[in-house]
Amino acid sequence: MTSVLYDAIGELVTCDPTVGDGSPLGLLHDAAVVVEDGRIAWLGRSGDAPATDDRVDLGGRCVIPGFVDSHTHLVFAGQRSAEFAARMAGEPYTAGGIRTTVGATRAATDGELRTLLDARVAETRRQGTTTLEIKSGYGLRVEDEVRMLRLAREVAAETTFLGAHVVPEEYRHDPESYVRLVAGEMLEACAPHARWIDVFVEDGAFDADAARVILEAGRRHDLGLRVHANQLGPGPGVQLACELGAASADHCTHLTDHDVAALTDSGTVATLVPGAEFSTRSPYADGRRLLEAGATVALASDCNPGTSFTSSLPFVIALAVRECGLTPAEAVWSATAGGATALRRDDVGRIAVGARGHLTVLDAPDHVHLAYRPGVPLASVLAG
Ligand code: NIG
Ligand code: FE
């Protein structure tokens, strides 16, 4: 057993409202944390800490739970900077761009995909992320979806089968057959490598009937449900997610009052991904409205080559504060404890005895700096 004391923490964000200042962030000042064999063993005031094998002096810096990025598409080849440039020149985003990445991903070897994936995971860690969800969805053939999930599983426990990302080119004239493939043979092959199933519910992707068939089939294979919902316009995604008991409805950009009420009344987390709105020059999701209504809000990167090629939760936090109406405290909670709730995890996203020892340090005295100093690389993984 090795124990490490992380000492002289200026502000400790625990995300445990039963400690410290009693706020949702559970703030402690002049604090210390002991991590023993990968778990939090003790936390409290500096000076009261037990003896440990090693000691790290944080010099008054802020420590938060490692970010929990509950929505990423990190397994892909190629990139679409020309599509981004065209959008910034006035072109709209369409789901069809996904097929470009499908072509590049199918053409890549496992080795090439692994190298790209490893580099992206390292990039997330350099910005303070310790838990990642990773989706398939750029294979859209049985063998390619399986290999995406196998690769994702090498680096993350939270893997999501997204065969229903878009109807691939070869099924363009027969989308019903593709839905049958996804809910049948493809799901059968992918389920052993996934914890979750997701569907992109949108005009140009999948309608509510197809999504229901696919999600219910996923549930029969013991997969938890997630939905890409109400991204490009109003639609049935959020209602379907809440009705089926999905863990999360992601995007939530275009919501009716009825959608907000459904999210509030269900256990479905509203996961906002403002990096996508930034990169598609779309209106931002109204996080304030969701919080005022009592919904649980998570923040995620949605890292993908089409709509949000950022792996930075600090950037997402800054956007959520500036554009979605969250306070800095709410945004930090949503990118840590909120992401954990969206993944139905209670061992990450907070600093409490027994939780995983996933600590992120900020080169700053408090959590507000994540939004106050946008674009400055303040966050990095300290442990975990
Ligand atoms: O979450 N909305 C669907 N999927 C991605 C976009 C993927 C792409 O354009 O390649 C998203 O924004
Ligand atoms: Fe996405």
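**Domain contact and the setting of strand β7**

In this predicted model, 20 residues of domain 1 are in contact with 19 residues of domain 2. The elements that give two or more residues to the domain 1 side of this contact are β5 (62-65), α14 (369-372) and β15 (379-383). Strand β15 supplies the largest share, three residues. By class, the domain 1 side holds 13 nonpolar, six polar and one charged residues.

The domain bounds are as follows. Domain 1 is made of two segments, 3-66 and 350-383. Domain 2 covers 67-342. The C-alpha centres of domain 1 and domain 2 lie 30 Å apart.

Strand β7 spans residues 129-135. Seven of its seven residues are buried, so the strand is largely enclosed by the rest of the structure. Burial here requires 20 or more other C-beta atoms within 10 Å of the residue's own.

Strand β7 pairs with β6 (residues 67-69). The two run parallel and share three bridges. Among the bridge partners, Phe67 is matched with Thr129 of β7. Strand β7 is also joined to β8 (residues 158-164). This pairing is parallel as well, again over three bridges. Here Lys135 has Thr160 of β8 as its bridge partner. Strand β7 thus has parallel pairings with β6 and with β8.

Key:
Residues are numbered from 1 along each chain as its sequence is written. Chains are lettered from A and ligands numbered from 1 in the order in which they are written. This is a predicted model: local features need pLDDT of at least 70, side-chain atom pairs count only at pLDDT 80 or more; totals for chains, interfaces and linings use all residues. A residue is buried if 20 or more other C-beta atoms lie within 10 Å of its own, exposed if 12 or fewer, and partly exposed in between; C-beta atoms are placed from the backbone. Helices (H or I, at least four residues) and strands (E, at least two) are DSSP runs, numbered from the N terminus. Two strands pair if DSSP finds at least two bridges between them. Domain bounds come from an automatic or database domain assignment. Two residues are in contact if their C-beta atoms, placed from the backbone, lie within 7 Å. Ala, Val, Leu, Ile, Met, Phe, Trp, Tyr, Cys and Pro count as nonpolar, Asp, Glu, Lys and Arg as charged, and the others, Gly among them, as polar.
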